[in-house]
Protein chains: 2
Amino acid sequence: MSQSSNLTNLTTLLERGVVEIFPDSETDNLGDRIQKSDRPLRIKLGIDPTRPDLHLGHTVALRKLRQFQDAGHKAVLIIGDFTAQIGDPTGRSEARPRLTPEEVAYNAETYLEQAKKILDFSSDRFELRRNGEWLNKLDLQQIITLQASMTVGQMLAKEGFSDRYEKGTPIYLHEFLYPLLQGYDSVAIDADVELGGTDQKFNILVGRDLQLKDKNRQGQPAQFGLLLPLLVGLDGVQKMSKSLGNYVGLTDEPLSMYSKLEKVPDALVDKYFELLTDIDLATLPQNPREKQKQLALAIVGQYHSPEAALQAQQDAEQIVLAGNTADLGDIPEFDLSQINFPAPLRYLVKAAGLCKSNSEAQSQIENGAVKLDGEKLGDRTFAEASELSGKVLQVGKKKFLRLL
Amino acid sequence: MSQSSNLTNLTTLLERGVVEIFPDSETDNLGDRIQKSDRPLRIKLGIDPTRPDLHLGHTVALRKLRQFQDAGHKAVLIIGDFTAQIGDPTGRSEARPRLTPEEVAYNAETYLEQAKKILDFSSDRFELRRNGEWLNKLDLQQIITLQASMTVGQMLAKEGFSDRYEKGTPIYLHEFLYPLLQGYDSVAIDADVELGGTDQKFNILVGRDLQLKDKNRQGQPAQFGLLLPLLVGLDGVQKMSKSLGNYVGLTDEPLSMYSKLEKVPDALVDKYFELLTDIDLATLPQNPREKQKQLALAIVGQYHSPEAALQAQQDAEQIVLAGNTADLGDIPEFDLSQINFPAPLRYLVKAAGLCKSNSEAQSQIENGAVKLDGEKLGDRTFAEASELSGKVLQVGKKKFLRLL
């Protein structure tokens, strides 16, 4: 394989799932920069440790960063320990509460533990920085220079700010600092590429602008922006977010992770493969159910292990058979208030309509075909409804009832 | 005289010419604060040394500050050496150019030399501060706290900013810092009263607000604002300003100062007495011309000496008689291109129509009634027009011509 086709493959991988790379002109594009650079590029990803728990939505950019590492470049992960105290106002409908330094430190620690599952932390491929390192040293003079580089009109034109201004929702002056400080991070670490969600375009452009204006850089080219999609959550509609409950957390147990992922809406499955795995999309199974299972197996395998993933799959199937999944909303329900307690099991099975007669019920019980929450049950008598309430009563493989 | 009537007189003097004092409620007013305070109050005046030359417009606040000094309080004059590098955007239709530290230092020196003509610089009555002293020490954290205290909407509602925003004239982000930094000066020097023009109300209120929010002040009362009118310039219409040319500079020569002031529009004379002198307004002459002269004498006397003022008055009268004032716009003109040079004086006087015949001209010259720019002239011959161009030729007390 020639060097240039290697490069093509590489660029193809680096561009997988990417929404936009800028600039992208004939004379100024990332492919050329990669090819012509005599050193590894410095790929910036800034993270805002306002939330201690990562979910798959966070991994889209982290995985892209890992792909750059694998291609020989250097990941520069910036913990926004300083900026977290402001909070990125991007896309927010109101000002964020400011975090204390202790909260930020705790969140950053947790974040890094989880990021280790994705990034290569070897020292030649990875640089960890905290932006307090340079932002705490800025004096008023430098801050004025930063602020003088932009106008109120440019800021208010930014999505989010414009909505809030029009609605009369307060925008505090320090929120205008956020894009400038994120931009200054690019100057401070000398970024060649900055990764971010599509909602980060403005902030990344500010970084380019500040790099171009910075006198110490002596006309070095400014960073490229590489924009990634915001991952849609399990509801198939909104951006994945902990507060919306439509997320898969990186610290989720294998079974919980698997169960959520095998039910990803069909419309999202290909996108999830593209953004959350390295699997060649041409090799995916046609059957939608099989696709979901492969996705769930692959992702659980990444964050736990292939063995844990297989175990989770088995457990999930067992639970589905037992009718005891959190999501079995379509199981018919049976109201226990119709039953006089104490009541024998055979009577219950008959009264609930799962068998036509007491004798059929008796015989199914003896055959081991009657289960409660997946467990075979011999004939016995229940003293009161509370022993059964919420459980799934099953006869054979096809008849289920949730007792309520 | 009892102590309380002393106080009344004092308050009357301190309130002379004042447009507004705030707050001014029954429970919170400056009179009470003065009466109840067991120490001299700290009276803040911030100056922005963006212009090296002071004019009478600047003296309105400086004179008020001196009145507080004379009443036993302490003047705290803040040289905005730091903020001058931003420039107060108040009332500006566009962003100001940022000054270099050298320009600021030069302007501040010049300002102080001139302010000495008005303020008492004795150490027990005067404190000179430069706001770089505390503003240079602010870090980003503190600046964020300052900025978080106000919203974009509050800033954009401010006169000047709102006009610019509506017109689409760029407002640079650092301009929003100015009111906050001026306000922080009040925190830093622990001001009890801040003086300023009526256009400073917003900035002074920001200072009150920051003082109230400052935790180190432990609930001390915040500063009063004392607003003074903007002095209308010699044109009778616009605010006095060097760039509009309608000003009297503090370093103007006595004669120049006198000549400008004796022509102050009648509608402004009382205001000028009120704001620029201590003279009891009840004692002013009725005759408008006499009033103007008294005003000119008084002000030249303040900034030079009573003797210099009298001399300026005499010189000015002499010049008016000689017809050589800068303002004699109604003197008829005579076009020298009608004359063949070289030309004797008597011929010129006749040709210009100031005498009916050469012999009358000759006799007037001999009587000493012919003057050029106020100087008696014997008969002589002029070689070319350039010797005469722009000068006023006068015969007796009533006939004038400007030679062009």
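**Stop 1: the six-stranded sheet of chain B**

Select strands S1, S6, S5, S2, S3 and S4 of chain B. In this predicted model, these six strands form an open sheet, in just that order. The pairing is mixed. Which strands stand at the edges? They are S1 (20-22) and S4 (126-130) of chain B, and each pairs on one side only. Now look at the twist. On average, neighbouring strands of this sheet are turned by 20° against each other, direction ignored.

Zoom in on one edge. S1(B) runs antiparallel to strand S6 (residues 224-228) of chain B, and three bridges join the two. Click on B:Ile21. Its bridge partner in S6(B) is B:Leu226.

Next, add helix H10 (residues 201-213) of chain B. What does this helix lie across? H10(B) lies across S1, S5 (193-197) and S6 of chain B. Compare its direction with the edge strand: H10(B) runs at about 15° to S1(B).

As you look at the strands, keep one general point in mind. In a regular strand the side chains alternate between the two faces of the sheet.

**Stop 2: the five-stranded sheet of chain B**

Now select S7, S13, S12, S9 and S10 of chain B. These five strands form an open sheet in that order, again with mixed pairing. S7 (333-334) and S10 (375-376) of chain B are at the edges. Each has a single partner strand, so one side of each has no neighbour in the sheet.

Move to S12 (residues 392-395) and S13 (residues 399-403) of chain B. The two run antiparallel and are joined by four bridges. Pick B:Val392 and look across. B:Arg402 in S13(B) stands opposite.

**Stop 3: a cis peptide bond in chain B**

Stay in chain B and select B:Phe341 and B:Pro342. The peptide bond between them is cis, with omega at about -5°. Most peptide bonds are trans. Where is B:Pro342? Look in the loop between S7 and S8 (343-344) of chain B.

**Stop 4: two helices of chain B, H11 and H13**

Two packed helices are described by the angle between their axes and the distance between the axes. Try this on H11 (residues 254-261) and H13 (residues 288-303) of chain B. They pack at an angle of about 150°, and their axes are 8 Å apart. That makes H11(B) roughly antiparallel to H13(B), since angles over 145 degrees count as such. The crossing of the pair is right-handed.

Show the side chains where they meet. H11(B) brings B:Pro254, B:Met257, B:Tyr258 and B:Leu261. The H13(B) residues include B:Leu295, B:Ala296, B:Ile299 and B:Tyr303. By class, the contact of H11(B) with H13(B) has 10 nonpolar residues, one polar and one charged.

**Stop 5: H6 and H9 of chain B**

Select H6 (residues 140-147) and H9 (residues 177-189) of chain B. Their axes come within 10 Å and cross at roughly 105°. That makes H6(B) roughly perpendicular to H9(B). From H6(B), the contact uses B:Ile143, B:Leu146 and B:Gln147. From H9(B), it uses B:Leu177, B:Leu180, B:Leu181 and B:Tyr184. How many nonpolar residues does the contact of H6(B) with H9(B) have? There are six, along with one polar and no charged residues.

**Stop 6: over to chain A**

Colour chain A by domain. The assignment gives domain 1 (3-228), domain 2 (252-328) and domain 3 (332-404). Taken over C-alpha atoms, the centres of domain 2 and domain 3 of chain A are 32 Å apart.

Go to A:Asp190. It sits in the loop between H9 and S5 (193-197) of chain A. Check its backbone: phi of A:Asp190 is near 60°, a positive value in a residue other than glycine. Most residues other than glycine have a negative phi.

**Stop 7: the end of chain A**

Select S7 and S13 (residues 399-403) of chain A. Two bridges join them, and they run parallel. A:Glu333 stands opposite A:Arg402 in S13(A). Now add S12 (residues 392-395) of chain A. S12(A) pairs with S13(A) in the antiparallel sense, over four bridges. Here A:Leu393 stands opposite A:Leu401.

Finish at A:Phe341 and A:Pro342. A cis peptide bond joins them, with omega at about -5°. A:Pro342 is in the loop between S7 (333-334) and S8 (343-344) of chain A.

Technical notes:
Residues numbered from 1 in each chain as written. Chains lettered and ligands numbered in written order. Predicted model: local features only at pLDDT ≥ 70, side-chain atom pairs only at ≥ 80, totals over all residues. Heavy atoms only, no water. Axes fitted to C-alpha atoms, helices over the stretch in contact; angles between N-to-C directions. Parallel < 35°, antiparallel > 145°, perpendicular 65-115°, else oblique. Left-handed = near helix turned anticlockwise from the far one by under 90°. Contact = heavy atoms within 4.5 Å. Nonpolar A, V, L, I, M, F, W, Y, C, P; charged D, E, K, R; others polar. Domains from an automatic or database assignment. Pairing = 2+ DSSP bridges.
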